[in-house]
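Thanks for coming. I have one structure to go through today, and I will put it on the screen before I say anything about it.

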Amino acid sequence: MWRYTLIRIASSIPVILVVGVITFSIIHIAPGDPAAIIGGDEATVEDLERIRQELGTDQPIHIQFIRWVGRLARGDLGTSIFSKQSITTLMAPRLQPTLSLGVQVIVLSTLLGISIGVISAWKAGAPIDRAFMFFAVLGFSAPGFWLAFILIWVFAVNFGWFPALGYRPIGEGILPHLHSMFLPVAVNSILSSAFISRITRSAMLDVLREDYVRTARAKGLRELVVYMRHAFRPASIPVVTVIGASLASLATGFVVTESIFAIPGLGRMLIEAIIRRDFPIIQAMMMVVATGYVLVNLFIDIIYAYLDPRIRY
Amino acid sequence: MGMRNQPEQAEQLAIRLAPSPGARARRALAASVLIMRGNPNVIIGVVILAAILLMTAFSPIIVRSDYTQTTTDLRLPPSSEHWFGTDAFGRDVFDRVIAGSRVSLYVGFAVTVVSVVLGLVIALFAGYFRFLDHILMRFVDGLLAFPTILLALALIALLGGSVNNVIIALSVTGTASKVRLVRGQVLSLREEQFVEAARAIGAPVWRILFLHIAPNTFGIVMVQATFTLATAILAEASLSFLGAGVPEFIPTWGNIVATGKGYVQVAFWISFFPGVFLTATVLAVVLIGDALRDYLDPRLKGQFLSE
């Protein structure tokens with residue numbers, strides 16, 4: 001067990017290193033002076049000089065990289081070119097909306113996706129299964145921004161139940177917060193639960209073919225017990241992997257929904273940085289998100305090894 | 001000399017033993033019937049996709065107005081004159097949606113072709129030459145740790161928003177995911193007896209890679225290609241919607257939805273119709289991909305592929 005954990009941790013170090021190299025080199029891959037690219041057409045000579053110093057591009061490239069890694073290791077994500085503030089300071093107030101969105105979406109889409117998947121597997125081939133799976137494919141095909149548009153049109157414009165705009169922080173009370181987040185949470189949960197329900201259904205169907213499930217039925221256990229205790233537990237393993245892997249696609253959803261619903265989170269900060277070509281912020285985001293992704297998947301893999309003793313090197 | 005010709009002779013014999021074009025067509029027909037029987041939804045997918053491809057091909061005839069020209073007919077609701085209404089600049093939404101389908105589909109197919117071809121070639125070499133494999137796969141792991149949209153946004157901020165730059169930005173992740181997929185296949189195929197046999201009769205490496213190993217990965221690559229097509233069409237739309245993709249003066253489904261963003265209350269049709277086309281196209285591609293996968297590997301039935 002320890003051996004597996006250590007090997008698994010060791011194997012994510014080169015990946016994080018590669019993530020760092022890609023993030024660092026992104027401003028160097030385009031031909032020309034990075035400062036000129038960031039400064040744009042209207043930049044003056046002084047602007048360019050300032051940006052060069054900001055980026056440290058007046059130094060040789062390997063020195064730049066070592067300095068950059070050193071700063072990251074101290075938890076310093078750099079300085080924004082546009083606002084000249086430290087990026088960690090800029091990110092801090094943006095964390096709450098995005099984390100709240102993330103937690104709500106993961107909880108809701110997991111509950112919804114797993115319930116739909118289990119019911120579909122139970123009634124495999126029946127009309128309810130077909131209907132669920134049709135909506136699952138539809139949920140996978142619909143772009144998030146368009147689904148957001150439809151939900152705003154129906155629930156904000158026509159019914160007036162939920163606001164289309166106007167984020168309210170948790171500080172203003174949990175209910176107003178949840179109310180203001182309802183539509184963005186709904187959009188992302190519909191998209192992710194479509195994905196999760198399909199995986200759950202196929203994992204359940206796989207397990208239901210196993211001999212021990214037949215044995216459980218043969219000894220007269222109730223169907224509910226067979227489903228929940230004998231089939232769902234092993235089926236949940238691939239489901240959790242998918243939830244881990246789908247964190248990357250959640251990022252897309254967050255960037256899009258935060259920009260539509262005017263939620264002042266990290267996704268919107270990224271879009272603002274892209275428009276202003278504030279590369280230190282873009283690089284900080286890339287580093288944080290990709291490292292987070294590697295660490296979450298590392299964590300999931302190690303949890304598995306505890307749950308399923310067959311997983312070993 | 002005789003020894004040197006042996007691989008050629010063996011290959012020629014194999015070619016002679018291969019089915020004739022007629023037999024091949026019959027087999028393709030039989031496969032299509034099997035695909036349809038296994039997953040009847042594929043018919044819906046093929047019909048929708050065929051309709052959209054036809055519509056795109058004939059778009060110069062279908063489009064009647066100059067959709068780039070602003071007029072005074074602002075935000076008119078759908079009517080017999082303007083099927084999908086007009087937008088905030090008085091442009092016909094139907095014409096823009098039809099014209100936009102060209103760019104949206106072009107980007108989708110271009111990303112798919114680039115990713116599949118590049119991914120296949122890189123993976124064949126990586127899977128076969130183990131010294132390349134290690135470095136390359138760490139690089140691929142690193143690339144795939146970034147969400148597609150994040151990497152694409154960063155590349156577009158760097159390169160500028162244009163049709164070609166969107167294709168480049170999306171092909172990076174697309175290629176990386178193909179490399180990971182095909183490499184796994186190559187690793188198991190290179191241990192197969194037919195590869196060993198080819199090596200034993202002295203076939204050169206390129207011949208083993210491209211004529212013996214590559215054809216055996218086509219099934220899974222085809223299924224994955226449909227998935228790439230679906231995600232590329234969606235990703236282009238998301239980028240263009242965010243204003244970081246194809247610029248607004250070239251209509252694509254994504255940026256047409258964006259032009260209606262501020263008019264949900266007064267003119268829902270501006271954003272609604274391009275989204276319907278977008279969803280229908282992706283749905284069609286996903287249904288076809290599902291059916292192909294069920295046919296090639298029935299054990300995977302009902303699963304989504306993931307990048």
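In what order do the elements of chain B run from the N terminus on? They run α-α-α-α-α-α-α-α-α-α-α-α. That is 12 helices and 0 strands. Before I go further, please keep in mind that this is a predicted model.

Chain A has 13 helices and 0 strands. Its order from the N terminus is α-α-α-α-α-α-α-α-α-α-α-α-α. The C-alpha trace of chain A spans about 80 × 60 × 35 Å along its principal axes.

Now burial, chain by chain. In chain A, 37% of the 313 residues count as buried. In chain B, buried residues make up 47% of the 307 residues.

Next, how far along the sequence the contacts reach. Take the contacts in chain A between residues at least 6 apart in sequence: 70% of them join residues at least 24 apart. For chain B, with a separation of 6 or more, residues 24 or more positions apart account for 71% of the contacts.

On to the core. In soluble globular proteins, nonpolar side chains tend to be buried together. Here the largest nonpolar core has 159 residues. Which residues have the most contacts inside it? They are B:Leu150, B:Ala152 and B:Leu153. If we leave aside neighbours within four places in sequence, B:Leu153 is in contact with A:Leu270, A:Ile274 and B:Ala244. Two of those partners carry the chain A letter, which brings me to the contact between the chains.

On that contact, 39 residues of chain B touch 46 residues of chain A. Which elements of chain B give two or more residues to that side? They are α6 (130–144), α7 (148–159), α10 and α12 (269–296). The chain B residues on that side divide into 26 nonpolar, 10 polar and 3 charged.

Helix α10 of chain B also packs inside its own chain. Two packed helices are described by the angle between their axes and the distance between the axes. For α5 (residues 93–128) and α10 (residues 205–241) of chain B, the angle is about 145° and the axes are 8 Å apart. The crossing of α5(B) and α10(B) is right-handed. From α5(B), the residues that make the contact include B:Ser104, B:Val107, B:Gly108, B:Val111 and B:Tyr128. From α10(B), they include B:Leu209, B:Ile213, B:Val221, B:Ala225 and B:Glu236. By type, the residues of this contact divide into 16 nonpolar, 5 polar and 1 charged.

Two more positions in chain B. B:Val172 is in helix α8 (residues 163–189). Is B:Val172 buried or partly exposed? It is partly exposed, because 19 other C-beta atoms lie within 10 Å, and buried would need 20 or more. Not counting residues up to four places away in sequence, B:Val172 touches B:Leu143, B:Leu151 and B:Leu155. B:Val172 and B:Ile208 are 36 residues apart in sequence and 27 Å apart in space, C-alpha to C-alpha.

The second position is B:Ile135, in helix α6 of chain B. B:Ile135 has 12 other C-beta atoms within 10 Å, so it is exposed. The C-alpha atoms of B:Ile135 and B:Pro77 are separated by 57 Å, with the two positions 58 residues apart along the chain.

Back to chain A, for one helix and two loops. Helix α4 (residues 61–73) has 13 residues and reaches 18 Å from its first C-alpha to its last, close to the 18 Å expected at 1.5 Å a residue. Why does α4(A) lie largely in the open? Because the number buried among its 13 residues is 0. Just after α4(A), A:Gly75 takes a positive phi of about 85°.

Most residues other than glycine have a negative phi, and most peptide bonds are trans. A:Ala262 has a positive phi, near 50°. A:Ala262 sits in the loop between α11 (247–260) and α12 (266–276) of chain A. With 12 other C-beta atoms within 10 Å, A:Ala262 is exposed.

A:Arg277 also has a positive phi, near 50°. A:Arg277 lies in the loop between α12 and α13 (279–307) of chain A. It counts as partly exposed, with 18 C-beta neighbours inside 10 Å.

That is what I have; I will take questions.

Methods: Residues numbered from 1 in each chain as written. Chains lettered and ligands numbered in written order. Core = buried A, V, L, I, M, F, W, Y, C linked by C-beta atoms within 7 Å. Contact = placed C-beta atoms within 7 Å. Helix = DSSP H or I, 4+ residues; strand = E, 2+ residues; numbered from the N terminus. Axes fitted to C-alpha atoms, helices over the stretch in contact; angles between N-to-C directions. Left-handed = near helix turned anticlockwise from the far one by under 90°. Nonpolar A, V, L, I, M, F, W, Y, C, P; charged D, E, K, R; others polar. Expected span 1.5 Å × (residues − 1).
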